[in-house]
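Could you show me around this protein, one selection at a time? I have the viewer open and would like to know what to click on and what I will find there.

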Amino acid sequence: MSISAKSIKRPIATTMIYLIVITLGIIGFRMLPVDLLPPIEYPQLTIAVNYDNVGPEEMELIITDQIENSIAGVPNIDRVTSNSSEGNSRVTVHFAQGTNLDEATNDIRAALDRVRRSLPPEVDSPRIWKFDPNDSPIVVIGAQSERELSELTRILEREIGKRFEQIPGIGAIDVWGGVYREIHVDLIRERLTSAQLTANDVVNAIGRENVNLPGGNIKEGLSDLYVRTLGEYQDVDEVSNTIVSTVDGTPIRVGDVAIVTFGYEDIGRYVEIDDRPTIRMGLRKQTGANTVAVAERVHAEVERVNLERTDLQLKVITDQSDYINQSIDN
C-alpha cells in the first residue's frame, strides 16, 4: 500500500504526525539563534605590539623583523604578512587549512617568549588575537551632550557603560573618540643643561615616586593590620614638587626644569553627527547570543536612558539586526 493510500485510510494518524512536525518546527524556529554570519574560524593569528612615539622604520627594525624571525620555526605556517606604522607593529600569520589554532597560539606564544628579552623594555607586551567576523560590534551608539567631552567620556565609561553591560548577551563595550585627561611634563632644555640633568632623570624620578608600596603586616592583639605606603600622585603640584636630584644640598624639583600642566590626551578620532561632537560606544555580543534579541534589549535600554537623563542623548548609529531582519523577511 502506498503512502498516499495509508494517509487517506488513516487521516487522524496522518494529521497528528503533521501537527507534531509543525509544532517541533515552530519551537525550533523560536529557539534558533539569529546571527549575521555562521561560526567561522579563519586559520590566521595576528600579533600586535605597541611602542609609542616610534617611527615606522624603527618599528620594523626593532619589533617587526624580530617577531618574524622568532616565529619562522612555527609549524604549519602558510605565509606571514606584516605592517609597521608609527607606534604599532602588526604581524599576521596565515596557517594551512585544518590547523588547530589553539595549538598554534601556544607555539606562537612560546616563540614570542624567547624574543621578549631582546625587545626594548618600554615596549608593550605582544598581544595575540584571532580573526573572528562575529567579534565586530552588533550595535554602535552615539552619545551627545552639552558637557565637555572629557566629562561625557567619564560618564559613558563609569555609568552608562555599566548599564549596558548588564544586558543579557552583551560581552564587551568599547568607547571610541573619548577625551581623557593627562598630566603634561614639558621639559625646558636650558634648565636641564644648567642642572646637569637629562630627560631620563626626570622620568625615573617621577616613576620612582608615583607608586604605592606594600609595608607588610602589623599584629595588634588578635588583629592583623595590613600596612602600605601611599605614594601615587593626587594632583599636579605633587608632580611639580618631586625631587629629581640634589646639588650642593639644594633639591632640584620637576617644576624647576619643566612646566607641569593638567591637559588632555591627543585626539585620534573625532566624529560629528548633525554638526555636534559625538562619542561612540561599540557593543559586542557574547559568543552564541542571539543578535536580534540582544539588539532589541539595547534599543530598549537606549530609550530608558534618554527618558531618565537630561544631560546627554543616546542614538543608535548602526545595528546589525536591521540587515538580519530584512534578510529573514525576504
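Here is a short tour of a sheet, a hairpin, a helix pair and a cavity. Keep in mind along the way that this is a predicted model.

**Stop 1: the four-stranded sheet**

Select β1, β2, β3 and β4. Together these 4 strands make an open sheet, and its order is β2-β3-β1-β4. The pairing is antiparallel. Which strands stand at the edges? They are β2 (77-85) and β4 (127-130); each has a single partner strand, so one side of each is left without a neighbour in the sheet. Turn the view and compare the strand directions: on average, neighbouring strands are turned by 20° against each other, direction ignored.

Now zoom in on β2 and β3 (residues 88-95). This antiparallel pair is joined over 8 bridges. To find one facing pair, click on Ile77, which stands opposite Phe95 in β3.

Next, add helix α3 (residues 56-70) to your selection. α3 packs on the sheet and touches β1 (44-50), β2 and β3. The direction of α3 makes about 160° with that of β2.

While the strands are on screen, here is a handy rule: in a regular strand, side chains alternate between the two faces of the sheet.

**Stop 2: a hairpin**

Move on to β10 (residues 243-247) and β11 (residues 250-253). These strands run antiparallel and are joined by 4 bridges. Click on Ser245 and look across: Ile252 in β11 stands opposite. The hairpin has 2 residues between its strands, and Asp248 takes a positive phi near 55°.

**Stop 3: two helices packing**

Select α5 (residues 149-165) and α10 (residues 291-308). At what angle do they pack? The angle is about 145°, and the axes are 10 Å apart. α5 passes α10 in a right-handed crossing.

Show the side chains where they touch. From α5 come Ile160, Arg163 and Phe164. On the α10 side they meet Val298, Glu301, Val302, Arg304, Val305 and Glu308. The residues of this contact divide into 5 nonpolar, no polar and 4 charged.

**Stop 4: the cavity**

How many cavities of 30 Å³ or more does the structure hold? There is 1, with a volume of about 40 Å³. To see what surrounds this cavity, select its lining: Leu149, Gly177, Ile267, Arg269, Tyr270, Val271, Pro277 and Thr278. By class, the lining has 5 nonpolar, 2 polar and 1 charged residues.

Methods:
Residues numbered from 1 in each chain as written. Predicted model: local features only at pLDDT ≥ 70, side-chain atom pairs only at ≥ 80, totals over all residues. Heavy atoms only, no water. Axes fitted to C-alpha atoms, helices over the stretch in contact; angles between N-to-C directions. Left-handed = near helix turned anticlockwise from the far one by under 90°. Contact = heavy atoms within 4.5 Å. Nonpolar A, V, L, I, M, F, W, Y, C, P; charged D, E, K, R; others polar. 1 Å grid on protein atoms, 1.4 Å probe; cavity = no way out; pocket = protein on both sides within 12 Å on 5 of 7 lines; lining within 4 Å. Points joined across faces, edges and corners; volume = space filled by probe spheres on them. Pairing = 2+ DSSP bridges.
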